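Let us take a walk through this model together, starting with its strands and ending with a pair of helices. Keep the view open as you read.

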Amino acid sequence: MLNRLRENFSFAKIYAKEIILSNTIFFLIFSIALQLSLVQIFITLGLLFVVNLYFIDVVGKKQKEQFDTIRNIIHKIRNNEFLSPDEIKLEKHLVELEGDIKGMFLRTQNDISNLKKLEQSRKEFLGNVSHELRTPIFAIQGFIETLLDGAIDDEKVNRNFLRKAFQHTDNLNNLLNDLIDISMIETGQMRMSFRYFNIKDYLETIVNELAPHAEAKNLQLVLRPIKSKLQLFGDKDRLKQVMVNLISNAIKYSEEGQVEIIVEEQERTGRIIVKDSGIGITEEDKERIFERFYRVDKQRSRAVGGTGLGLAIVKHIIDAHGSKIEVKSEYGKGSEFSFALKK
């Protein structure tokens with residue numbers, strides 16, 4: 001009994017002073033008004049003390065129950081025992097606190113969900129990286145081992161094997177560069193330098209650099225007419241990564257026809273479009289092409305030297321420009337990638 005009173009008193013002590021002080025003042029005023037004797041005063045004070053203890057016990061018990069309820073709710077939230085915020089209930093006069101706790105529960109659930117997604121993404125990323133690194137490394141080892149076993153003395157194959165080994169080292173270097181880029185972007189370490197630049201001169205330079213790759217496949221790489229003084233706002237170096245990636249992909253996955261680069265001037269923006277006459281993308285694949293290491297055609301992508309990270313990097317860079325990369329494509333009828341930059 002004494003322990004219970006002591007425990008309840010500890011919860012009600014913030015109110016004890018107020019209760020005792022207000023009751024004592026009221027009693028003194030009451031005693032003076034009724035002109036009570038000294039004995040009556042002491043008897044009444046004793047009764048008042050007992051009444052105060054009772055009220056303190058009641059208040060303390062109520063406070064303890066509320067604190068225990070809140071503590072139990074927080075414990076269950078930490079242990080992920082609630083399925084819905086509707087399971088969280090407090091008394092009516094604590095409705096605002098109940099709302100705050102429900103909000104905390106929803107944020108916690110969201111954080112847990114995000115952590116699980118990040119963990120799954122991390123595992124998939126590490127698995128994909130291991131696989132992507134293993135492919136060129138095993139190929140290089142195979143070519144070198146074959147050469148060491150005697151093929152190096154065979155003039156019909158030695159240079160061919162060395163050339164293939166070199167190609168795989170080049171693919172490996174591209175993969176590592178892309179891994180570094182996407183890591184820097186996703187961790188916020190990649191600095192962007194935004195400024196206005198002449199989009200016509202800028203795209204002409206890129207098209208001239210990539211024209212030989214198109215010519216090697218008998219494709220036309222066409223830059224449609226652009227307003228000579230059109231200035232757009234962005235990071236030229238990062239946007240070059242975007243354009244090189246989009247145009248290179250268009251060339252890789254087109255066997256005939258042309259690859260067009262178009263700039264559509266709008267009221268406040270300029271939309272840059274890369275359009276090809278290639279194999280196109282299915283509706284199912286369009287939802288996933290910007291995921292890291294996702295390939296529409298895995299065997300073909302490796303054959304043409306893709307790392308599986310290019311479009312993921314494109315998306316991050318365009319997002320950093322406050323824009324969005326958009327895709328229009330029909331399987332077998334080519335693709336169109338576009339994004340807008342501020343004027």
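Two strands count as paired if DSSP finds at least two bridges between them. Please bear in mind that what you see is a predicted model.

With that criterion in hand, turn to strand β6, residues 326-329, and strand β7, residues 335-342. These two run antiparallel and are joined by 4 bridges. If you would like one bridge to look for, find S329, whose partner in β7 is S335. Together β6 and β7 make a hairpin, with 5 residues between them. Within that turn, G332 has a positive phi of about 85°.

The loop between β6 and β7 also holds Y331. Is Y331 buried or exposed? Its relative accessibility is 57%, and residues over 50% are classed as exposed, so Y331 counts as exposed. Even so, Y331 has contacts with residues elsewhere in the chain: leaving aside residues up to four places away in sequence, Y331 touches I279, G280, I281 and T282. Take I279 from that group: 52 residues along the chain separate I279 from Y331, while their C-alpha atoms are 6.2 Å apart.

Now step back to the whole sheet. The hairpin strands belong to an open sheet of 5 strands with mixed pairing, and the order is β2-β4-β5-β7-β6. At the edges lie β2 (220-223) and β6, each of which pairs on one side only. From one strand to the next, the twist averages 15°. As you trace the strands, it helps to recall that in a regular strand the side chains alternate between the two faces of the sheet.

Further along the sheet order, look at β4 (residues 258-265) and β5 (residues 269-276). This pair is antiparallel as well, with 7 bridges. One pairing to pick out is E264 with R271, its bridge partner in β5.

Finally, let us visit the helices. Two packed helices are described by the angle between their axes and the distance between the axes. For α6 (residues 236-252) and α9 (residues 310-320), the axes come within 9 Å and cross at roughly 140°. The two helices are therefore oblique to each other, and their crossing is left-handed. Which residues make the contact? From α6 come R238, L239, Q241, V242, N245, L246 and N249, and they meet G310, L311, I313, V314, I317 and I318 of α9. Sorted by class, this contact of α6 with α9 has 8 nonpolar, 4 polar and 1 charged residues.

Conventions. Residues numbered from 1 in each chain as written. Predicted model: local features only at pLDDT ≥ 70, side-chain atom pairs only at ≥ 80, totals over all residues. Heavy atoms only, no water. Axes fitted to C-alpha atoms, helices over the stretch in contact; angles between N-to-C directions. Parallel < 35°, antiparallel > 145°, perpendicular 65-115°, else oblique. Left-handed = near helix turned anticlockwise from the far one by under 90°. Contact = heavy atoms within 4.5 Å. Nonpolar A, V, L, I, M, F, W, Y, C, P; charged D, E, K, R; others polar. Buried < 20%, exposed > 50% of the residue type's maximum accessible area, 1.4 Å probe, protein only.
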